[in-house]
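Colleague: I am new to this structure and would like to start small. Could you pick one residue, take a close look at its surroundings, and then lead me outward from there?

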Amino acid sequence: MATLKGSETHCTGAQQINCKSNIVFKFTESKITGQTFSRGTQLPGGLLQERDKRAKWQGIPTLLQKLYKSSHPNSDLSHTHGLLKVLSSQLSMEAMSFVTEDRKTAQESTFPNTHTFDLFGGVHLLVELLMRPTLTMQKKKLKMNDDLVKDCLSVLYNCCICAEGVTKSLAARDDFVLFLFTLMTNKKTFLQTATLIEDILGVKKEMIHLESIPNLSGLVQSFDQQQLANFCRILSVTISEPDLGNDDKHTLLAKNAQQKRNSSPSHAEDNQVTLLNIPGFIERLCQLATRKVSEATGANFLQELEEWYTWLDNALVLDALMQMATEEAEQSSTESSDESSMATSPLRHRLPPSMKIVHEIMYKVEVLYVLCVLLMGRQRNQVHKMLAEFRLIPGLNNLFDKLIWRKYTVSNHVVHGQNENCDCSPEISFKIQFLRLLQSFSDHHENKYLLLNSQELNELSAISMKANIPEVEALVNTDRSLVCDGKKGLLTRLLTVMKREPPDSSFRSDIGFWQARAVESFLRGATSYADQMFLLKRGLLEHILFCIIDSGCTSRDVLQSYFDLLGELMKFNIDAFKRFNNYVNTPEKFQTFLTQINSSLVDSNMLVRCIVLSLDRFQSQTEDVKVVEVLSECCLLSYMARMENRLAFLFRLVNIINVQTLTQENVSCLNTSLVILMLARRKAKLPFYLNALREKEYAEKYPGCLLNNFRNLLRFWQCHYLNKDKDSTCLENSSCVPFSYWKETVSVLLGSDRTSLCAIASYIDEPFMDLDRED
């Protein structure tokens with residue numbers, strides 16, 4: 001130690017300056033003081049400058065050294081701000097390059113300035129600078145200049161865009177994330193703050209608890225409508241369950257196991273409750289969702305939209321452009337009243353007037369998404385009540401004609417939604433979110449009749465009266481002051497655009513799928529003859545059959561949505577089967593229809609279930625002349641009446657699934673097979689069907705496999721459905737078979753008495769019993 005100190009005494013005056021710029025001295029000093037290197041800018045300036053020439057650091061490390069020295073506590077930050085502006089100009093060009101070139105991944109070689117800035121501690125310094133007012137012990141809190149705060153946030157966001165590691169490191173700091181929310185109280189820094197928070201929450205490993213945000217209720221209530229719309233983009237990350245892939249592809253076995261482990265509400269569910277407790281929150285979202293879009297939606301608008309798809313990747317970027325344009329206009333007006341000078345302004349020249357429309361559309365995408373998630377949550381009934389009270393549906397109905405439901409060619413450039421696999425334009429995103437909201441609103445809920453207007457409700461009543469059947473209770477209880485206004489209700493408008501859409505539409509696979517899902521949700525639940533006839537009278541059945549048979553549609557998702565809708569539309573409705581037969585009036589058409597059904601039974605099995613259930617009911621109504629006539633003439637009913645065809649469907653349904661592969665998407669195959677066997681049991685034909693399965697096994701030379709697989713499936717069915725009230729109610733309502741009969745039939749099939757002709761065990765030879773059983 002004495003030697004080290006002694007050597008230090010030789011460094012005086014100019015020599016000491018040279019000594020301190022020596023890397024060896026720096027390392028020696030760190031050993032003595034215990035203060036090791038924590039950032040690259042602690043290296044000697046001379047070394048940094050020398051290395052800068054070869055590494056092409058563009059002087060960033062030296063600028064950061066100056067930034068550190070000028071930003072110490074209690075210093076005048078005006079010089080700091082000047083240095084930051086210089087750094088910002090170097091980093092913003094790389095961020096703009098990333099956005100305009102639609103880069104999917106950030107690489108060090110692509111954005112060298114950003115990498116250098118982060119490498120030498122720039123990100124850490126800006127975080128420290130922003131949070132400094134909250135860390136001081138002084139009674140009088142420091143206040144930073146708003147422009148400095150904005151520039152700090154902008155630089156951090158640019159770093160997040162170009163370097164994924166920066167975003168993750170910021171997300172790991174819970175204190176910084178919560179601090180950012182406090183900056184949203186300042187309208188001048190709101191936009192930059194919201195942009196950064198959205199990026200950080202998108203990569204955060206653990207979902208943030210909204211209740212941990214200081215004074216969240218006051219914060220949200222202080223937002224104007226524009227801020228609230230942008231805040232919805234942040235909220236979408238906090239109220240949605242983590243996206244682990246396609247939900248339908250997760251096996252039910254894994255889901256059930258996870259639910260047992262995590263019985264308490266998830267963070268997302270807690271956050272939904274937190275939002276609903278904020279006074280006026282839902283009402284303001286309804287106002288935003290139904291606010292009318294600006295004028296000018298003609299051909300020029302579409303052309304301008306295409307040009308802007310190239311780099312508008314979210315509503316916040318668009319906000320920034322609008323803000324810049326406004327500031328520029330204000331500045332120009334103060335400098336000169338010459339209108340020509342404003343017209344030649346570079347930014348304003350590049351901003352088309354229709355940006356306001358895109359602005360509004362992208363806002364609504366975020367707002368509708370949040371409302372849709374809340375509608376699907378545990379607080380669904382509470383949300384439903386509020387959406388009805390605040391007249392969301394009538395408002396959307398008035399907005400409907402402002403949407404552009406027509407064919408046009410969009411560019412290859414897209415806007416990225418919440419799901420990275422969903423790349424679509426603002427227009428299509430808006431339509432899809434709109435349709436998803438309608439689906440969630442109508443699905444198994446009595447408020448679905450709010451989608452109609454008063455005249456259409458009267459039409460439903462008249463249909464019931466003519467058919468001499470009682471009106472549905474939900475229809476009778478509908479508050480007519482909350483239904484749609486105008487000549488058409490929302491459901492009727494949707495049907496109109498569905499039928500108008502060209503079959504070769506470039507976005508048919510997206511829009512067509514969600515259109516069918518939205519209409520199907522109106523029919524789901526207990527079957528309503530009046531609801532079916534309302535839609536049949538508007539030509540829906542013929543449109544669906546055209547799409548399945550004549551349009552050349554090959555999309556499995558779209559075909560599945562059509563099959564499901566057709567099943568709900570035709571179930572137990574003799575008029576629908578008559579209309580079917582009138583449309584499918586040649587053997588060639590019927591064969592095409594069967595080919596589509598058989599091409600994927602997972603997609604079409606709900607329609608198969610509808611036909612089987614309807615046939616069973618019609619066969620018990622032989623005193624009705626109309627029913628007898630349709631039974632004898634309808635090719636579809638005649639086809640399903642043949643036992644060999646029902647058995648063929650049963651074989652395939654049992655064979656295409658097993659316990660390990662059961663998902664929310666294909667579990668319907670198990671329930672459809674059960675429907676076939678329940679109806680057989682009613683007619684005392686269950687032994688015949690079970691024996692047919694046994695004969696099929698031996699014919700295919702795999703004895704025991706089919707029946708053992710079915711037993712395992714039924715065991716799982718008991719575990720899955722006997723603990724799920726909603727699922728069991730859905731099964732009962734959709735089939736008109738009491739759930740008690742479902743349970744009883746499963747118990748009989750799983751009976752251990754090998755002498756029972758209704759037990760599967762009786763048809764499995766002893767050597768093959770419990771083959772590959774899954775406990």
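**A close look at Gln227 and beyond**

Modeller: Gladly! Gln227 lies in helix 14, which covers residues 225-239. Please keep in mind that this is a predicted model.

Is Gln227 buried or exposed? Its relative accessibility is 7%, and because the limit for buried is under 20%, Gln227 counts as buried. Setting aside residues up to four places away in sequence, Gln227 touches Lys187, Phe190 and Ser222. Lys187 makes a good example of how the chain folds back on itself: Gln227 and Lys187 are 40 residues apart in sequence, and their C-alpha atoms are 8.6 Å apart in space.

Let us step to a loop in the same part of the sequence. Lys204 is found between helix 12 (190-201) and helix 13 (216-222). Although Lys204 sits in a loop, its relative accessible area is 16%, so Lys204 is buried too. Beyond its neighbours within four places in sequence, Lys204 is in contact with Ala171 and Asp174.

Now we can go to the nonpolar interior. In general, nonpolar side chains tend to be buried together in soluble globular proteins. Here, the largest nonpolar core has 220 residues. The residues with the most contacts inside this core are Phe117, Phe176, Phe181, Met184, Phe281 and Phe593. Helix 22, residues 355-375, gives the most to this core, with 12 residues.

Phe117 is a good guide to these surroundings. Apart from its neighbours within four places in sequence, Phe117 is in contact with Ile60, Leu64, Leu87, Leu91, Gly122, Val123, Leu126, Val155 and Cys159. One of those partners, Leu126, is found in helix 8, residues 122-135. Leu126 has a relative accessible area of 0%, so Leu126 is buried. Beyond its own neighbours within four places, Leu126 is in contact with Leu84, Phe117, Cys152, Val155 and Leu156. Val155 therefore appears in the contact lists of both Phe117 and Leu126. Leu126 also offers another example of the chain folding back: Leu126 and Val149 are 23 residues apart in sequence and 9.4 Å apart from C-alpha to C-alpha.

What about empty space inside? The structure holds five cavities of 30 Å³ or more, and the largest cavity contains about 70 Å³ of space. Which residues line the largest cavity? They are Asp564, Gly567, Glu568, Lys571, Met606, Arg609, Cys610, Leu613 and Ser734. Helix 32 (556-570) and helix 35 (601-618) are the elements that give two or more residues to this lining, and helix 35 supplies the largest share, with four residues. By type, the lining divides into three nonpolar, two polar and four charged residues.

Further along, three loop residues deserve a visit. Ile656 lies in the loop between helix 38 (643-655) and helix 39. With a relative accessible area of 39%, Ile656 is partly exposed. Not counting residues up to four places away in sequence, Ile656 touches Leu601, Val602 and Cys669. The C-alpha atoms of Ile656 and Asn666 are 9.1 Å apart, with a sequence separation of 10 residues.

The other two loop residues share a backbone feature. Most residues other than glycine have a negative phi. Ala684, however, has a positive phi of about 60 degrees. Ala684 is placed in the loop between helix 39 (667-682) and helix 40 (686-699). Its relative accessibility is 64%, which is over 50%, so Ala684 counts as exposed. Cys736 likewise has a positive phi, near 60 degrees. Cys736 lies in the loop between helix 42 (725-735) and helix 43 (739-749), and at 40% relative accessibility Cys736 counts as partly exposed.

Finally, we can zoom out to the whole chain. The protein chain has 43 helices and two strands. Of its 775 residues, 52% count as buried; Gln227, where we began, is buried as well. Among the contacts with a separation of 6 or more, 76% join residues 24 or more positions apart; Gln227 and Lys187, in contact and 40 residues apart in sequence, are one such pair. The accessible surface of the chain comes to about 36300 Å², and 51% of that surface belongs to carbon and sulfur atoms.

Terms used
Residues are numbered from 1 along each chain as its sequence is written. This is a predicted model: local features need pLDDT of at least 70, side-chain atom pairs count only at pLDDT 80 or more; totals for chains, interfaces and linings use all residues. Side-chain values use heavy atoms; hydrogens and water are left out. Buried means under 20% relative accessible area, exposed over 50%, partly exposed in between (1.4 Å probe, protein chains only). On a 1 Å grid over the protein atoms alone, a cavity is a set of points where a 1.4 Å probe fits but cannot get out, and a pocket is an open set with protein on both sides within 12 Å along at least five of seven lines; lining residues have an atom within 4 Å of a point. Grid points are joined across faces, edges and corners, and a volume is the space filled by probe spheres set on the points. Ala, Val, Leu, Ile, Met, Phe, Trp, Tyr, Cys and Pro count as nonpolar, Asp, Glu, Lys and Arg as charged, and the others, Gly among them, as polar. Contact means heavy atoms within 4.5 Å. Accessible areas come from the Shrake-Rupley method with a 1.4 Å probe; for residues, only the protein chains shown count as cover. A nonpolar core is a set of buried Ala, Val, Leu, Ile, Met, Phe, Trp, Tyr and Cys residues joined through side-chain atoms within 4.5 Å.
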